[in-house]
Amino acid sequence: MVEITPAFMEKAIRRYFEACNAGDYAMLVSCFTPDAVHYFPPGLPEIPWRTADVIARKWVWCVENLGSRWTIEKILCSSTAPEAVIEWTHWKPSAKTALRGDEWYVFDEKSGLIREIRAYYASAADGSLPISELVEFDYAGRGYHLGPQA
């Protein structure tokens, strides 16, 4: 059992971003539980990304093909749960563009590894969808509101 403190989580997230920027497959895999899931908003192919292997391979592809680089803008780590939230920028030099967003991290309480990331993009909502939400994320099962409260 690992003691998951705010400092522990921040260090783990910074290590994950270091691995992303390096395009280091082995280091990326070592950041996650084997069955980790990375959720995304609609619009990307083959989402969500399931397993440490898939997550690592996808980020390595982005580095190699898009010249991707990431920066962490802000980090907030819970003092009562193994969870953290960050604000980031995904720089895409090849396309001369960038994407900003937030991610919610959930850590495995036994290993201290990342078991889930939920990405939220700072972009316009897809007007063709009745509700803009992460693809295949179990909102009802996680206790999220499924409509406005009276």
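Helices here are DSSP runs of H or I with at least four residues, numbered from the N terminus. With that convention in place, good morning, and let me turn to the structure, which is a predicted model. Asn21 lies in one such run, helix α1.

I shall begin with the sheet. It is an open sheet of six strands, and its order is β2-β1-β6-β5-β4-β3, with mixed pairing. The edge positions belong to β2 and to β3, which covers residues 69-77; each has a single partner strand, so one side of each is left without a neighbour in the sheet.

Let us follow the strands from the β3 edge inwards. β3 and β4 are antiparallel, and eight bridges pair them. The two strands form a hairpin, with five residues between them. Within this pair, Trp70 stands opposite His90 of β4.

The next pair is β4, residues 83-92, with β5, residues 97-107. These strands also run antiparallel, and ten bridges join them. Two positions may help you to find the register on the screen. Glu87 stands opposite Asp102 in β5, and Trp88 has Gly101 of β5 as its bridge partner. The hairpin of β4 and β5 has four residues between the strands, and Lys96 there takes a positive phi near 55°.

From β5 we pass to β6, which spans residues 114-121. The two strands are antiparallel and are joined by seven bridges. Here Tyr105 has Ile117 in β6 as its bridge partner. The hairpin of β5 and β6 has six residues between the strands, and in this hairpin Gly112 adopts a positive phi near 80°.

I come now to individual residues, starting with His38. This residue sits in strand β1, residues 32-39. Is His38 buried or exposed? The relative accessible area of His38 is 0%, and buried means under 20%, so His38 is buried. Its side chain makes a polar contact of 3.5 Å with the side chain of Glu103. Setting aside neighbours within four places in sequence, the contacts of His38 include the aromatic residues Tyr16, Trp49 and Trp59. Pro48, Ile55, Glu103, Ile117 and Ala119 are also in contact with His38. Ile117 has appeared already, as the bridge partner of Tyr105.

Arg50 offers another case. It is placed in strand β2, residues 49-50, and β2 is one of the strands at the edges of the sheet. The relative accessible area of Arg50 is 37%, and Arg50 is therefore partly exposed. Which residues does Arg50 touch, not counting those up to four places away in sequence? They are Ala36, Val37, Tyr39 and Glu136. With Glu136 there is also a polar contact between the side chains, at 3.0 Å. Arg50 and Pro34 are 16 residues apart along the chain, and their C-alpha atoms are separated by 9.0 Å.

Let us return to helix α1, where we began. Asn21 has a relative accessible area of 15%, and is therefore buried. Apart from residues up to four places away in sequence, Asn21 touches Val63, Arg69 and Trp70. Trp70 is the residue that stands opposite His90 in β4. Ala12 is found in helix α1 too. With a relative accessibility of 18%, Ala12 counts as buried. Ala12 and Ile75 are 63 residues apart along the chain, while 11 Å separates their C-alpha atoms.

My last topic is the largest pocket. Its volume is about 420 Å³. The lining consists of 20 residues, and those closest to the centre of the pocket are Leu44, Trp49, Trp59, Cys62 and His90. Which elements give two or more residues to this lining? They are α1, residues 6-22; α3, residues 52-66; β4; and β5. The largest share, five residues, comes from α3. As to chemical character, the lining of the largest pocket divides into 15 nonpolar residues, one polar and four charged.

Several names link this pocket to the earlier parts of the talk. Trp49 and Trp59, both among the residues closest to the pocket centre, are in contact with His38. His90, also listed among those closest to the centre, faces Trp70 across the pairing of strands. I would be glad to go through any of these positions on the model.

Notes: Residues are numbered from 1 along each chain as its sequence is written. This is a predicted model: local features need pLDDT of at least 70, side-chain atom pairs count only at pLDDT 80 or more; totals for chains, interfaces and linings use all residues. Side-chain values use heavy atoms; hydrogens and water are left out. Two strands pair if DSSP finds at least two bridges between them. On a 1 Å grid over the protein atoms alone, a cavity is a set of points where a 1.4 Å probe fits but cannot get out, and a pocket is an open set with protein on both sides within 12 Å along at least five of seven lines; lining residues have an atom within 4 Å of a point. Grid points are joined across faces, edges and corners, and a volume is the space filled by probe spheres set on the points. Ala, Val, Leu, Ile, Met, Phe, Trp, Tyr, Cys and Pro count as nonpolar, Asp, Glu, Lys and Arg as charged, and the others, Gly among them, as polar. Buried means under 20% relative accessible area, exposed over 50%, partly exposed in between (1.4 Å probe, protein chains only). A polar contact is a pair of N or O atoms within 3.5 Å; within protein, one must be able to donate a hydrogen and the other to accept it, and residues adjacent in sequence count only if both atoms are side-chain atoms. Contact means heavy atoms within 4.5 Å.
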